[in-house]
Amino acid sequence: MIKKVFKGTFFVAVIFLFVFLFMPMGKLSVSYGDEANNSDNYIAELRQSYVDGKFEKGLEVGIDYNSLHLESEELSLFKTNLSSALKEILNYEKNYITQIYNESEDKKYSPIEDIVFGEIEQGEDYFYFGITFSSIEAYKYYYSDLISEINDGFLITSLKVKMVSPFNIVVDELNTTKSNFYLKKIYSACKGLSIEDSIKTNYKPKFMFDFVSGRSNYWSDCEGLYVDNAGYYHYIWGTSKEFTEMNLHLNYANKGWWYLLGLTIPLACMGVSIVIILLNDKNKKRK
C-alpha cells in the first residue's frame with residue numbers, strides 16, 4: 001500500500017512541475033511578421049534590455065535611396081553627409097551626458113566607466129548608433145523618459161515599464177523637439193544637392209519606437225512584435241499611428257518557491273497518507 005501511495009504522490013509531483021515549466025506567464029503582442037519596418041523611410045529610437053543587465057539606447061535612420069533619384073556621385077556624398085549628421089547627434093548625446101554628470105552632486109554612473117558610446121554603423125539602407133549603459137538604473141540617472149516598477153511577490157514578480165515618446169521631448173537649448181532635431185540633421189545631409197528642396201518638402205519618415213528584450217511574454221500596447229535573427233523580441237510602436245507613451249507589463253515566476261512547493265506539497269501529502277495507513281493498520285490489529 002505504501003509503495004502505491006509513493007508512486008501516486010511522485011506522479012503528482014512530476015505533473016505539478018511539468019505544468020509549472022510550460023505554463024504561460026503572459027502573452028505575445030500582435031504578430032507582426034519577420035521585419036519591423038514596413039516603410040523604408042523611418043527614424044527609430046531603440047531601447048534594449050540585455051540578459052546581463054546592460055541597457056542600450058539607440059537611434060536608427062532608414063532611407064529609401066531609390067525614391068530620391070540621386071546620381072551616383074550625389075548618392076555617395078549624401079551617404080557621407082548622413083554619417084556625419086548621425087555623428088553630430090551622437091556627439092550631442094555625449095555632451096548631454098557629460099554635462100549631467102559634471103553638474104550632479106551625486107557622482108554615479110560615470111560616462112567613462114558605466115557607459116559605452118558606439119560608433120556609427122552603416123547598412124545598405126540605414127544608419128545606426130547605440131549608447132550602452134551598465135544598467136537600466138544608469139540609463140535612468142541620465143534620462144527621465146522611462147519609469148520601471150518591480151513588485152516582488154511570493155510566487156510571482158511583476159515588472160511594469162512605462163516610457164514616454166522620446167520624439168516629443170523638447171530640447172531646451174535647441175528650442176525644438178527631438179523629432180525636429182533629427183529631421184534638421186537629416187536635411188542638412190542633402191545641402192547643396194539637386195534634391196535638397198525635394199527632401200525638405202517630401203521626406204516624411206515614420207517615427208518609430210523599438211523596445212528589445214530576450215523575453216517574449218510581455219503584455220504591451222505595442223502595434224507589432226517580431227523576432228530578429230539573434231532571438232531577441234522587438235516590441236514596435238509607430239508603424240501606423242502616432243504614439244505618446246509605451247507600456248509593458250511582465251509577470252514572471254519565482255522558480256525557487258515554485259520548485260519548493262512542487263516538492264513539499266506532494267511529500268506532505270505522501271506523509272499524511274502514510275500516517276493514515278499506519279493508523280488504520282494498527283486499528284485493524286487491535287480488532
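# Exercises on a predicted model

Tyr109 counts as partly exposed, with a relative accessibility of 25%. The structure is a predicted model, and the exercises below work through some of its computed features.

**Exercise 1. Place Tyr109 in the chain and describe its backbone.**

Step 1. Start from accessibility: partly exposed lies between the buried limit of under 20% and the exposed limit of over 50%, and Tyr109 stands at 25%.

Step 2. Locate the residue. Tyr109 sits in the loop between α2 and β3, the latter covering 115–117.

Step 3. Check the backbone angle. The phi of Tyr109 is positive, about 55 degrees, although the residue is not a glycine.

**Exercise 2. Classify Asn91 and relate it to Phe117.**

Step 1. Asn91 belongs to helix α2.

Step 2. With 31% relative accessibility, Asn91 counts as partly exposed.

Step 3. Along the chain, Asn91 and Phe117 are 26 residues apart, and 9.4 Å separates their C-alpha atoms.

**Exercise 3. Trace the salt bridges around Arg47 and state which residues they join.**

Step 1. Recall the principle: side chains of opposite charge can pair when their charged atoms come close.

Step 2. Take the total. The structure has 10 salt bridges.

Step 3. Pair Arg47 with Glu45. Their side chains form a salt bridge at 2.8 Å, N to O. Arg47 is buried at 1% relative accessibility, and Glu45 is also buried, with a relative accessible area of 1%.

Step 4. Pair Arg47 with Asp145. This salt bridge has an N to O distance of 3.3 Å. Asp145 is in the loop between α3 and β6, while Arg47 is in strand β1 (residues 42–49), so the pair ties together parts 98 residues apart in sequence. Both Asp145 and Arg47 are buried.

Step 5. Turn to a pair formed by other residues. Glu93 and Lys178 meet through their side chains in a salt bridge of 3.3 Å, N to O. Glu93 lies in helix α2 (residues 72–103) and Lys178 in helix α4 (residues 178–188), and the pair links these distant parts, 85 residues apart. Glu93 and Lys178 are both buried.

Step 6. Collect the shared partners. Glu45, Arg47, Lys57 and Asp145 are joined into one network by salt bridges that share partners.

**Exercise 4. Describe the second largest pocket by volume, lining and residue class.**

Step 1. The volume of the second largest pocket is about 380 Å³.

Step 2. Its lining consists of 19 residues, and those nearest its centre are Ser49, Tyr50, Leu159, Arg215 and Tyr218.

Step 3. Assign the lining to elements. Two or more residues each come from α3 (136–142), β6 (146–151), β7 (156–164), β10 (206–213) and β14 (245–253). Strand β6 gives the largest share, three residues.

Step 4. Sort the lining by class. The second largest pocket is lined by 12 nonpolar, four polar and three charged residues.

**Exercise 5. Summarise the protein chain as a whole.**

Step 1. Count the elements: the chain has six helices and 14 strands.

Step 2. Take burial. The chain has 287 residues, and 40% of them count as buried.

Step 3. Consider sequence separation. Of the contacts between residues at least 6 apart in sequence, 66% join residues at least 24 apart.

Step 4. Finish with the surface. The protein chain exposes about 16800 Å², of which carbon and sulfur atoms supply 55%.

Technical notes:
Residues numbered from 1 in each chain as written. Predicted model: local features only at pLDDT ≥ 70, side-chain atom pairs only at ≥ 80, totals over all residues. Heavy atoms only, no water. 1 Å grid on protein atoms, 1.4 Å probe; cavity = no way out; pocket = protein on both sides within 12 Å on 5 of 7 lines; lining within 4 Å. Points joined across faces, edges and corners; volume = space filled by probe spheres on them. Helix = DSSP H or I, 4+ residues; strand = E, 2+ residues; numbered from the N terminus. Nonpolar A, V, L, I, M, F, W, Y, C, P; charged D, E, K, R; others polar. Buried < 20%, exposed > 50% of the residue type's maximum accessible area, 1.4 Å probe, protein only. Contact = heavy atoms within 4.5 Å. Areas by Shrake-Rupley, 256 points an atom, 1.4 Å probe, with all protein chains shown as cover. Salt bridge = Lys/Arg side-chain N within 4 Å of Asp/Glu carboxyl O.
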